Amino acid sequence: MTSLQLARIDLRGTTPTTASLRHSLPRGGTDVESVLPTVAPVVEDIRAGGAAAALRYGEKFDGVVPPAVKVPQSLLDAATEELDDEVISALNEAIKRVRAFHSTQVPADHEEEIAPGGIVGERYIPIRRVGLYVPGGKAVYPSSVIMNVVPAQEAGVESLVVASPPQENGWPHPTVLAACKLLGVTEVWAVGGAQAVALMAYGDDSEQLEPVDMITGPGNIFVTAAKRLVRSVVGIDSEAGPTEIAVLADDSADAVEVAYDLISQAEHDPMAASVLITDSPAFADEVEKEVAARYSVTLNADRVREALEGEQSGIVVVDDLEMAIQVADAYAAEHLEIHTREAEAVASRITNAGAIFIGRYSPVPLGDYAAGSNHVLPTSGTARHASGLSTHTFLKAVHVVNYSQQALADVSQTVITLANAERLPAHGEAIKARLERN
């Protein structure tokens with residue numbers, strides 16, 4: 001096996017602009033547009049044919065037909081009974097930590113008297129019913145059950161369904177079912193891929209499959225395409241791309257630890273991105289040497305190698321810490337680790353990242369499972385403007401306006417003047433009708 005080699009981008013001696021960085025930094029991504037013609041007929045067929053159509057596509061794509069769409073409660077109960085006690089304990093600990101953090105995110109309703117008698121308030125109302133997608137495929141993701149279900153529960157969502165692909169036995173993976181049981185989830189659908197997204201969006205009355213109001217959770221390019229196609233019918237959290245890590249490090253960092261962090265993220269997917277940003281060419285060399293020496297002993301070595309040698313991964317060498325911060329903000333990583341002197345101070349200057357992990361004892365795998373933070377995060381540079389999944393995702397803010405007669409009268413001329421300026425005089429007449437008739 002030839003030695004693994006990471007692409008290297010040398011920005012030393014340059015003054016990069018935001019535009020030039022967007023062109024030069026490693027970036028893979030997925031072309032969702034390219035699969036829309038494939039996914040659109042699936043979505044339309046399921047819109048018309050419901051669960052039967054979804055099961056046909058499941059058989060076509062995955063070769064599995066579950067006995068039913070809804071997983072029986074007896075299977076949920078059995079999943080926890082058959083799971084190893086150590087795994088059950090780990091799941092419970094992760095649930096506890098994620099709930100402890102997400103419970104603090106619930107905002108309080110509030111109101112303000114803008115003028116005497118003129119009150120404007122804001123209420124936070126949970127989305128009524130949500131669909132939470134948990135992928136299968138290359139790995140098993142009970143952690144994604146936790147990361148989706150807990151914030152929905154803490155927001156006060158009254159109805160939720162988890163959808164996850166059936167395995168060879170016809171049902172979702174037992175560990176996924178066990179996580180659902182531990183969280184008190186009672187509705188699980190054995191359907192995956194684009195067909196799961198479509199079925200959650202449109203439902204099927206004949207099978208008592210109620211549609212949802214919002215769909216969240218990561219998935220492959222077909223899941224992402226389906227979310228794009230149904231987002232006029234339901235809300236979605238994001239169009240998630242392959243997972244990514246950026247490590248901002250100076251020569252004080254531990255090359256072995258950084259190498260393992262790059263490898264661990266590459267383990268997810270051949271399209272996963274692992275990027276090192278450093279002002280030390282010697283440290284870059286050391287990390288590359290450690291990655292090459294260590295990746296081959298991992299369980300998923302072939303997948304790791306493909307990801308690390310892909311166009312989405314590499315090492316970026318810069319002049320100094322200032323440029324490193326600029327590059328990190330331009331890249332806007334899903335996960336950003338800081339391994340520098342005074343790491344907390346450096347982290348405080350970062351503005352674009354899905355989540356920031358400070359120092360050697362806060363690696364990304366901690367956040368993947370049990371830090372308490374959420375691991376459903378913005379990818380593909382969208383951390384410049386988007387946030388990760390949280391309790392806020394499942395809440396909608398509703399403005400409440402309550403003016404007295406006098407308060408309306410006090411501001412009436414302002415409204416009438418602006419309405420006339422916009423050539424919408426009926427707006428002003430609606431104000432006058434209330435004041436002139438009293």
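**Exercise 1. Helix H8 and its surroundings**

Against which helices and strands do the buried residues of H8 pack? Work through the helix residue by residue, bearing in mind that the model is predicted.

*Solution.* Begin with the helix itself, which runs over residues 221-230 and whose buried residues are Val223, Thr224, Ala225, Ala226, Lys227 and Val230. Next, follow these residues outward: they pack against helix H2 (32-62) and helix H7 (193-202), and also against strand E4 (129-133), strand E7 (214-216) and strand E8 (235-236). Finally, look at the start of H8, where a side-chain oxygen of Asn220 comes to within 3.0 Å of the backbone nitrogen of Phe222.

**Exercise 2. An annotated site that includes Asn220**

Take the "binding site" feature that UniProt places at Tyr133, Gln195 and Asn220, and determine whether these residues are clustered or spread in space.

*Solution.* The feature comes from an unreviewed UniProt entry, which names Tyr133, Gln195 and Asn220. These positions extend over 88 residues of sequence, yet they cluster in space, with a largest C-alpha distance of 12.3 Å.

Take Tyr133 next, which is found in strand E4. Its relative accessible area is 4%, and because buried means under 20%, Tyr133 is counted as buried. The side chain of Tyr133 reaches the backbone nitrogen of Gly193 at 2.8 Å.

Then turn to Gln195, a residue of helix H7, which also counts as buried, since its relative accessibility is 3%. A polar atom of the Gln195 side chain lies 3.1 Å from the backbone oxygen of Gly192. When residues up to four places away in sequence are not counted, Gln195 touches Val42, Ile46, Ala54, Tyr57, Gly58, Phe61 and Asp62.

**Exercise 3. A second annotated set and His335**

Consider the other "binding site" annotation, which covers seven named residues from Thr243 to His427, and describe the setting of His335.

*Solution.* The annotation, again from an unreviewed UniProt entry, covers Thr243, Gln265, His268, His335, Asp368, Glu422 and His427. These residues are spread over 185 residues of sequence and are also spread in space, with C-alpha atoms up to 56.0 Å apart. Within the set, His335 lies in strand E12, whereas His427 lies in helix H16.

The accessibility of His335 comes next: His335 is classed as buried because its relative accessibility is 2%. Leaving aside neighbours within four places in sequence, the contacts of His335 include Thr243, Gln265 and Asp368, together with Glu244, Ile245, Ala246, Ala355, Phe357, Val364 and Leu377. The side chain of His335 also reaches the backbone oxygen of Glu244, at 2.7 Å.

**Exercise 4. His375 and the second largest pocket**

Locate His375, establish whether it is buried or exposed, and then describe the lining of the second largest pocket.

*Solution.* His375 is found in the loop between helix H14 (364-369) and strand E14 (395-403). With a relative accessible area of 13%, His375 is buried. Its side chain makes a polar contact of 3.1 Å with the side chain of Ser144. Apart from residues up to four places away in sequence, His375 touches Ser143, Ser144, Met147, Glu334, Gly367 and Asp368.

The pocket has a volume of about 170 Å³. Its lining consists of Phe101, His102, Gln105, Gly354, Ala355, Ser373, Asn374, Leu377, Ser387, Gly388, Leu389 and Ser390. By residue class, the lining divides into four nonpolar and eight polar residues, with no charged ones. Ala355 and Leu377 belong to this lining, and both are also among the contacts of His335.

**Exercise 5. Positive phi outside glycine**

For Glu342 and Arg423, state the phi value, the place in the chain and the exposure.

*Solution.* Glu342 is not a glycine, yet it has a positive phi of about 50°. Glu342 sits in the loop between strand E12 (335-339) and helix H13 (343-347). Because exposed means over 50% relative accessible area, Glu342, at 66% relative accessibility, counts as exposed.

Arg423, likewise a residue other than glycine, has a positive phi near 60°. Arg423 is placed in the loop between helix H15 (405-421) and helix H16 (425-436). Its relative accessibility is 74%, so Arg423 counts as exposed.

Technical notes. Residues are numbered from 1 along each chain as its sequence is written. This is a predicted model: local features need pLDDT of at least 70, side-chain atom pairs count only at pLDDT 80 or more; totals for chains, interfaces and linings use all residues. Side-chain values use heavy atoms; hydrogens and water are left out. On a 1 Å grid over the protein atoms alone, a cavity is a set of points where a 1.4 Å probe fits but cannot get out, and a pocket is an open set with protein on both sides within 12 Å along at least five of seven lines; lining residues have an atom within 4 Å of a point. Grid points are joined across faces, edges and corners, and a volume is the space filled by probe spheres set on the points. Ala, Val, Leu, Ile, Met, Phe, Trp, Tyr, Cys and Pro count as nonpolar, Asp, Glu, Lys and Arg as charged, and the others, Gly among them, as polar. Helices (H or I, at least four residues) and strands (E, at least two) are DSSP runs, numbered from the N terminus. Buried means under 20% relative accessible area, exposed over 50%, partly exposed in between (1.4 Å probe, protein chains only). UniProt positions are given in the numbering used here, feature names are shortened, and annotations may be inferred rather than shown by experiment. Contact means heavy atoms within 4.5 Å. A polar contact is a pair of N or O atoms within 3.5 Å; within protein, one must be able to donate a hydrogen and the other to accept it, and residues adjacent in sequence count only if both atoms are side-chain atoms.
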